[in-house]
Structures are given as C-alpha cells and as structure tokens.
Amino acid sequence: MSIDPELLELALTHRSYAYEHGGIPNNERLEFLGDSILGQAVTVKLYRDYPRLDEGELAKRRASLVSSVALAEVARGIGLGAYVLLGRGEFQSGGADKSSILADTVEAIIGAVYLDAGGDVATALVLRLIEPLLDDPDRFGAAMDPKTSLQELAAHNDAPPPQYLVTDTGPDHNKTFHATVIVEGLVTASGEGTSKKNAEMAAALKAWSMANADRSGARAPRG
C-alpha cells in the first residue's frame with residue numbers, strides 16, 4: 001500500500017517537531033480523523049464476528065482495542081517510533097517510545113490513509129493492525145485489563161502481588177506519567193501515559209507480555 005508522501009510526513013509530525021520548525025502543521029487533525037475511522041472499523045468487526053456478545057461486552061472489547069495501550073503495542077510491533085518526527089527535547093526524553101505519542105501517530109496514519117485511499121483501504125489497514133490482538137485470546141484479554149491479568153499471573157506463579165511506582169514529568173497541563181511495576185521473582189517492566197492509570201496499564205501489559213514470553217521460552221525485550 002502506498003500513500004501520498006506529504007500526507008505521510010504530516011501524519012508522522014508530532015507537535016514538538018512542528019513547534020521547533022516554525023509552527024508547521026502537525027498530525028493532530030489527522031489523529032482526530034483516524035480515531036473516528038479506527039472506532040468505526042473495530043465496532044463493525046466486533047459486531048460481525050461476535051454475534052453472541054451483548055452490548056456491554058462488545059463495548060469492553062472495543063475499548064481495549066482502541067486504547068492507547070493497545071495502539072502503542074501495535075506501533076512498537078511495526079517499529080513506528082523510529083519514523084516519528086519529534087522535537088529535540090521530546091526525542092531526548094524518549095518520545096519515540098512513549099505510548100501516547102505512538103498511539104496518536106497510529107491514528108494519524110489511519111486518517112492519512114483514509115484521505116489518500118478512501119474508507120475501504122483505511123478499514124483494511126485498521127483490521128490488519130489489530131489482527132494480532134484478535135488472533136491471541138490470552139493477549140486480547142490482557143489488553144482489556146492488564147493490571148488484573150498481571151495480578152492473576154503473579155498468583156499463578158506463587159509470586160507476591162505486583163507493586164507499582166509512579167512518577168510524573170512536565171507542566172501541570174501536559175504531564176507524562178511513568179510507571180514501573182515489579183513482580184518479585186518474576187518480572188519488572190515500565191510504561192508511560194497521560195494519566196497514572198494509563199501508565200500503570202502500559203507497564204502491566206508490558207510485564208504480562210514479557211512474563212508470558214519467558215514462560216514459552218521466547219525472548220522478550222526488557223525495560
């Protein structure tokens with residue numbers, strides 16, 4: 001699939017980069033559009049594929065698939081962070097791996113594809129991106145409630161309950177929260193988000209994924 005180079009560059013342009021380059025357009029409008037396309041595509045997919053689920057369960061699954069935690073995992077899976085255009089300060093503070101930035105960029109790219117190629121192509125892109133979640137019931141369940149999933153995993157391994165340490169950086173109107181979760185004797189992982197809850201969820205999902213990869217003998221990134 002090809003996309004207009006100018007639209008793609010816009011989709012990858014974070015506001016920090018735009019500010020440092022004279023206030024050029026950033027990807028926030030495309031993000032707004034992509035969020036709508038994402039929600040519609042996921043809603044229709046779930047409605048068609050799970051005819052026995054009631055509205056409440058469908059809503060929970062949709063929320064997990066369009067969450068910043070899930071979208072950031074998708075972005076990391078395709079190495080998107082290396083291509084996001086960031087301002088110097090944001091780059092130096094690890095912006096290329098921040099869940100909020102990665103999730104917003106995924107939505108912006110979906111919006112760009114919609115404008116360039118139309119709704120059918122954009123929907124196909126959404127479904128391809130979320131396919132790993134849909135194909136792995138355990139992973140999908142963890143994405144819906146990663147903190148509970150991690151707590152259950154700890155109990156299954158006779159480990160103490162997860163412990164979270166949360167800090168924040170940035171001004172009051174634009175804080176970034178950083179969470180580290182420790183399951184003694186099992187796993188340690190970190191995550192970040194625009195709220196304490198989102199940061200803890202990101203850390204919990206990463207820890208859950210790492211612990212399950214270790215159990216299956218697969219190599220998992222640490223951090």
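Here is a short chat about reading helix α8, the sheet and the aromatic rings in a predicted model.

Student: What ground rules apply here?
Tutor: Residues count from 1 along each chain as its sequence is written, and side-chain values use heavy atoms, without hydrogens or water. As the model is predicted, local features need pLDDT of at least 70 and side-chain atom pairs 80 or more, while totals for chains, interfaces and linings use all residues.

Student: What should helix α8 span?
Tutor: Helices are DSSP runs (H or I, at least four residues; strands are E, at least two), numbered from the N terminus. The expected span is 1.5 Å times one less than the number of residues. With 17 residues (119-135), α8 should span 24 Å, and its end C-alpha atoms lie 23 Å apart, which agrees.

Student: Which residues of α8 are buried?
Tutor: Buried means under 20% relative accessible area with a 1.4 Å probe, protein chains only. In α8 they are Ala122, Leu125, Val126, Leu129, Ile130, Leu133 and Leu134.

Student: How are the strands of the open sheet ordered?
Tutor: Strands of a sheet pair through backbone hydrogen bonds, either parallel or antiparallel. Pairing takes at least two DSSP bridges. Here the order is β1-β2-β3, antiparallel. β1 (163-169) and β3 (187-193) are edge strands with a single partner each, so one side of each has no neighbour in the sheet. Seven bridges join β2 (176-183) to β3; Val181 has Ala189 in β3 as its bridge partner.

Student: Which charge sits over the ring of Tyr164?
Tutor: The criterion is NZ of Lys or CZ of Arg within 6 Å of the ring centre and within 35 degrees of the ring normal. Lys147 does this at 4.8 Å from the centre of Tyr164, and Arg61 lies over Tyr50 at 4.9 Å.

Key. Buried means under 20% relative accessible area, exposed over 50%, partly exposed in between (1.4 Å probe, protein chains only).
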